Structures are given as C-alpha cells and as structure tokens.
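Here's a quick briefing to read alongside the model. Have the sequence and the 3D view open as you go.

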Amino acid sequence: MDKELQRTINELHIYEKKILKALKELGYEATPEKISKFQDMDIKAVMSAAGSLESKNLIEVHKVTDEVISLSQTGKKYAKEGLPERKILLLLEREESVPMGQIKEKAQLENSEVKIAIGWLLKKKWASIEKGVVKITPEGERAVNEEYKDEALLDKLLEKQKLLLFNPPQIIKEGFDILKKRKGLIHIKKEPKYTLKLTNKGRKLLEMGFDITEEATQLTHEQLKTGSWKSLKYRGYDIKAEHPDFYPGKKHPLRRIIKEIRKTFLEMGFTESRGTILESAFWNFDCLFQPQDHAAREMQDTFYIKNPKNVQLPGTDLVAKVADAHETGGGTGSEGWGYIWNIDVAKQAVLRTHTTCVSARFLAENSPPLKMFSVGRVFRRETITYKHLPEFHQVEGIVASEDINFRNLLGILKEFYHKLGFEVRFRPAYFPYTYLSTECEIYLPEKESWVELGGAGMFRPEVLEPLGVETPVAAFGLGIERLALKQLEINDIRMLYKSDIGWLRKLPITKGISLDE
Ligand code: DAH
C-alpha cells in the first residue's frame, strides 16, 4: 500500500500537491476560492487539479448549487440615486403635503415610476393620501434619516456586486423579500459551489509527506547539451491512466495484405511484373489455349469493352502460331481444338478475367530460367456474395526452368501459404492451359467449409510452343480477397470494400501482416 501511495506521490502534479497542502492547512476542507487565494493559484488551475485528485481518490469534490444575487442596471441606478419613494419622502420632508398631480414633477420622477413609488410609499407607511393630497406620516418623518431594509441591501449589493443566498446567507433577509417583489432590480442566478474535502487516502498521503519542488516538463536544448537534465526532478507517469481512443490514419488492410504478399514472393526470389487491366482476348484467352467457344468467354462471364472495341495484336508470327495450336495443335503433337480460329475474336477488348495473361506476356518476352509474379485486379461478371465480387485481386506467378515439375509447384505454393500462416489442401482440377492442374483450398471454420483460393498447374505445350518456351513452366493464380477473409477474421469479402470506418479504425494494424512492417 505504501509503495502504491509513494508512486501516487511521484505522479502528482505540482498543482495537485499545492492543493493537498492547502487543504491540510485549511482544516481538511475548503472551497476552491479559498485554496486559490491561499496558494496564489488561478481558480481554473485549482479546479482542474482538483478533478485529477478526485479521480485518484485523494479528495472528494462536493457540489451544492447556490443562488447568487446581483444588481440589474435599474437596480444600480436606484442604489446610487435612491429609490423613487425615497425621492418623494425627501420632497414631503421639505413640503409636508403635495397634491398628487405635482408629485411627478417635484420629485423628478419618470412617468413609469410614479405609480410604483406611490405604492411603496404607502406600503412603507411613509405617507397617506387624503383628497388627492399626499402627506408625510410620523413614520415617514422617522424614516427620513433611516435606511429601509431594501435600501440597505441595495447598498450592500452596490459595494459587493454579488451576494450568496444560502451558503452562507450573505443577504439581508427582509430586504431581499422586498427586492424580490420589485420587478427588474436584482438578478438571481443559480451557481454551483464546490467544497474540496480530503479523503482518508489523501490524509495518509499527506502524512507520508512530500516536497513541492519545480519539476521539469519540457527539456530544453541547453539542458540536454550541458547534461543538467540529469539533476532535474521529473514527475512519474501513470502509463495505465485512461486515455481517449486515438485512431491514426493507416493503410487499408487489403493494401497491407497485398504488400505482404509482394514481400513474400520477393523473399522467395521472384521478380515482379505488371500488366494492364484492359487486355485483348488474345492474351487473356487465346494465348492460353482457351478455345474461342469456351464458356468463360461468354458475355455473361466476361466484360467486353465497347470503346476501344478492339486491341492491336502482337507480331503475326505469334498470332499465326497460336492460331495453329488451336486449329491443329501446331508442332506440339496435340490435335488442337480442331476448329477455324478467328482473329477478330482474338482482337476483342476485355477487362482481364485473370492475371494469367501477364504470365503469357512475360513468357513471350523473357527466356527461362525465370521466376515471375504479378499482383493486380481482375474482373468477372459475378453475382455478389460473401465470397464473390465482380472485381477482385489475384496474385499470379510462373517458374520456368529445365528441371521444374508439378511437385515443385505444390512445394512453392505450400511454402507461400505457410509464410502467410495458412494450411492448404490441393484438389485435382481442370484448366485449358495446364496439365497437370490443381486447385488450392483453405478451410474457413466459421463457414465450416473449404473455399477455393486459386488454380495452378504446368502450362501445356499448346501454350508454350507458340511463345517459344522450351522448358517446363509451373504456373499459379490465387485470389487475394479470400485470403483476407481468414487473415482479418471476417466472413464476408464485401467488408473489404464497404469503407466501414468503425471496423477499419478498430482493426489492429498488425492483423494480416507480419510485425516487422
Ligand atoms: N487463371 C485461373 C483463375 O483465374 C487460375 C490459374 C490456374 C492460374 C492455373 C494459373 C494456372 O496460372 O496455371 O481461376
């Protein structure tokens, strides 16, 4: 306990210490005003330090609401000039009786004041009215040299400006009762009044004792240079203190995951390549030995572009070889698809449906051995569901060398997924451009099902021969959003595109990414 108190002492601000000391001197309880005077502190500083002392349980802050009275503009005027009935009384002292009609002028009253003045004159029994003539009474004569209760309060208010009604009462009760009834002379305002009281813990802390010394808050260049900072006194910090939530700007989680994937492939010795989102059907389909009547090419699966409608094809040599592969199998020993290949179909502009076209382009321009990956957006006409979007990201890759085989491909994928923290399983699959082919899947416990992440396989000779590649090529293309599902612990990929600011703010930046980022 003592240790804890000692820590509390070390964390006290100098203002808090001053308040505690003042409370000790002022009988363990005092108003902020008193403390502010006693320690020569600004009242605001007292209040804010009192708040933090209260949160540490060292003092209690009691609040009572009092009423404060002060003079209005008219009130001030009467306090200085005298009330209108007093003016009449002074007139009557001089003239004894005055006809009603002359009162206003002789007593120098305003129109609006006459009625009220006469009313109070009678109420205070200073005069009587008989047959239209106002006459001073004996009581009035006595009152000439005496302040009435309401006048006494007006005077006091003029001097003090403010008086408390209850705590403690500073008013003249009878005077207040009268002034309250007179319209527009005084303001009555509710005002909170505080009392600071030491708690037992506060007393104990005072018993342990502490000094009030200046503490270093901001170090100066000079103090650092000369080393004088070593002898300064510092206040302890409570690092467990409550703090407001703070949400600094950060990268979108999907971008972070993409960055992580990029880093993983770079670490595995791959080079990065990029393609374009607008692609010809040639690179997206034909080059990958996808027949021109293949279902995936249908309008309901692929977005075709109106403008530009067509995209220029590469040199005729490659186009002719691709045509050959489709029609007869070319020099591959295969029979091809056995139909008449149409160049106009190949020229059509599409939003790429996968990033595999980037691999085809890369193979056309580079010779093995090589390892390449690319990350990018792809587009498909999909109905939106928790695992389908019409626009998403893929990471694509190829490894081309004399001795690469299907087993190596599975090894590469396993390693990649392990690095990201996933277990995968492989299933046999079919793609027009690969043989052998496989699909990778990860398990989603929340959905109690396996989701497909992407495909992979060894590029077929019908793909490689036209491109002039003579070594085997292992290839893969993997969806990224579905990876994010597990990494971000969400069960709907739409979350990634929702801009749900609450979710984004709360998402730790370490989610889905290694810590050395
Ligand atoms: N392009 C396929 C898709 O989008 C994935 C794929 C399968 C890519 C096999 C490949 C591959 O490179 O060899 O579903």
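What follows covers the overall build first, then a hairpin, then some unusual spots in the backbone.

Keep in mind that this is a predicted model. The protein contains 22 helices and 16 strands, and its radius of gyration is 46 Å, whereas a compact globule of 517 residues would come in near 24 Å.

**Overall build**

- Along its principal axes, the C-alpha trace spans about 140 × 65 × 50 Å.
- Of the 517 residues in the protein, 43% are buried.
- Take the contacts between residues at least 6 apart in sequence: 69% of them join residues at least 24 apart.

**Surface and charge**

- The accessible surface adds up to about 29,100 Å², and carbon and sulfur atoms account for 50% of that surface.
- On the charge side, there are 81 positive and 76 negative side chains. The centres of these two sets sit 7 Å apart.

**A hairpin to look at**

- Strand β13 (residues 425-428) and strand β14 (residues 434-444) run antiparallel, and four bridges join them.
- The two strands, β13 and β14, make a hairpin, with five residues between them.
- Want a pair to click on? F426 has C440 in β14 as its bridge partner.
- As a general point, side chains in a regular strand alternate between the two faces of the sheet.

**Cis peptide bonds**

- N307 and P308 are joined by a cis peptide bond, with omega at about 5°. You'll find P308 in the loop between α15 (281-284) and α16 (316-327).
- Another cis peptide bond links P368 to P369, and here omega is about 5°. P369 belongs to the loop between α18 (356-365) and β11 (370-379).

**Positive phi outside glycine**

- Q161 isn't a glycine, yet its phi is positive, at about 70°. Look for Q161 in the loop between α10 (149-160) and β6 (163-164).
- Is Q161 buried or exposed? Its relative accessibility is 59%, so Q161 counts as exposed, the cut-off being over 50%.
- F289 also isn't a glycine, and its phi is a positive value near 55°. This residue, F289, lies in the loop between α15 and α16, the loop that holds P308.
- With a relative accessible area of 3%, F289 is buried, because buried means under 20%.

Conventions: Residues numbered from 1 in each chain as written. Predicted model: local features only at pLDDT ≥ 70, side-chain atom pairs only at ≥ 80, totals over all residues. Heavy atoms only, no water. Rg over C-alpha atoms; globule rule 2.2 N^0.38 Å. Buried < 20%, exposed > 50% of the residue type's maximum accessible area, 1.4 Å probe, protein only. Contact = heavy atoms within 4.5 Å. Areas by Shrake-Rupley, 256 points an atom, 1.4 Å probe, with all protein chains shown as cover. Lys, Arg positive; Asp, Glu negative; His and termini not counted. Charge placed at Lys NZ, Arg CZ, Asp CG, Glu CD. Pairing = 2+ DSSP bridges.
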